[in-house]
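Colleague: I am new to reading protein structures, and I would like to learn how to go through one step by step. Could we take one together?

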Amino acid sequence: MIGNIVDHRTDRATPECDAVFEPSSHDCAKRPDGMPWFDYDHAAGDPSYFHALDSVDTTVRDAVLQADKNWPFAVTVYLYDKGTRPLG
């Protein structure tokens, strides 16, 4: 499920991109009351938990759909310019 989207593309109007997926609990985002936005225990306790994965030569739409359907916990999608292969 989508937790957050962080767009690092130089042309944000282009639909092509490389994407990195990371559990949103890694973001350490806090609510105004100081509580975490994303539950680390929920994510880490799931068998599909991961640290970081990528999808190269994709589209924004496909990356968002992949994050929304592949994991039952909040996932942050980082978008990068196509061809940058951010995880190497």
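Modeller: Gladly! Keep in mind that this is a predicted model. A good place to begin is the secondary structure: the protein has two helices and four strands.

Colleague: In what pattern do they follow one another along the sequence?

Modeller: Reading along the sequence, you meet β-β-α-β-α-β. The radius of gyration is 13 Å, close to the 12 Å that the globule rule gives for 88 residues, so the protein is as compact as a globular protein of that length. If you picture a box along the principal axes, the C-alpha atoms fill roughly 35 × 30 × 20 Å.

Colleague: And what share of the residues counts as buried?

Modeller: Of the 88 residues, 30% are buried. The protein exposes about 5300 Å², and carbon and sulfur atoms supply 53% of that area.

Colleague: How do I read the contacts?

Modeller: Look at how far apart the partners are in the sequence. Among contacts with a separation of 6 or more, 79% are between residues 24 or more positions apart.

Colleague: Now the charges, please. How many are positive and how many negative?

Modeller: There are 8 positive and 15 negative charges, and their mean positions are 3 Å apart. As a general idea, side chains of opposite charge can pair when their charged atoms come close. In this protein the count comes to five salt bridges.

Colleague: Which residue pairs with E16, and what does that pair tie together?

Modeller: The partner of E16 is K82, and the closest N and O atoms are 3.4 Å apart. K82 lies in the segment after β4 (75-80) and E16 in strand β2 (residues 16-23), so the pair ties together parts that are 66 residues apart in sequence. K82 is partly exposed, with a relative accessible area of 41%, and E16 is also partly exposed at 39%.

Colleague: With which other residue does K82 form a salt bridge?

Modeller: With D57, where the closest N and O atoms are 3.2 Å apart. This pair links distant parts of the chain too: K82 in the segment after β4 and D57 in strand β3 (residues 53-59), 25 residues apart. D57 is exposed, with a relative accessible area of 53%.

Colleague: Which residues are joined into one network by salt bridges that share partners?

Modeller: Those are D7, R9 and R12. Within that network, the side chains of D7 and R9 meet at 2.7 Å, N to O.

Colleague: Is R9 buried or exposed?

Modeller: R9 has a relative accessible area of 7%. Buried means under 20%, so R9 counts as buried.

Colleague: Can we try the same reading on a residue in a strand?

Modeller: Take T58, which is found in strand β3. At 10% relative accessibility, T58 counts as buried.

Colleague: Which residues does T58 touch, leaving aside those up to four places away in sequence?

Modeller: T58 touches P15, E16, C17, A19 and A63. You have already met E16 as a salt-bridge partner of K82.

Colleague: And a loop residue, to finish?

Modeller: S25 lies in the loop between β2 and α1 (40-44). With a relative accessible area of 12%, S25 is buried. Not counting residues up to four places away in sequence, S25 touches F38, D39, Y40 and A43.

Methods
Residues are numbered from 1 along each chain as its sequence is written. This is a predicted model: local features need pLDDT of at least 70, side-chain atom pairs count only at pLDDT 80 or more; totals for chains, interfaces and linings use all residues. Side-chain values use heavy atoms; hydrogens and water are left out. The radius of gyration is taken over C-alpha atoms; the globule rule is 2.2 Å times the number of residues to the power 0.38. Buried means under 20% relative accessible area, exposed over 50%, partly exposed in between (1.4 Å probe, protein chains only). Contact means heavy atoms within 4.5 Å. Accessible areas come from the Shrake-Rupley method with a 1.4 Å probe; for residues, only the protein chains shown count as cover. Lys and Arg count as positive and Asp and Glu as negative; His and the chain ends are not counted. The place of a charge is taken as NZ of Lys, CZ of Arg, CG of Asp or CD of Glu. A salt bridge is a side-chain nitrogen of Lys or Arg within 4 Å of a carboxyl oxygen of Asp or Glu.
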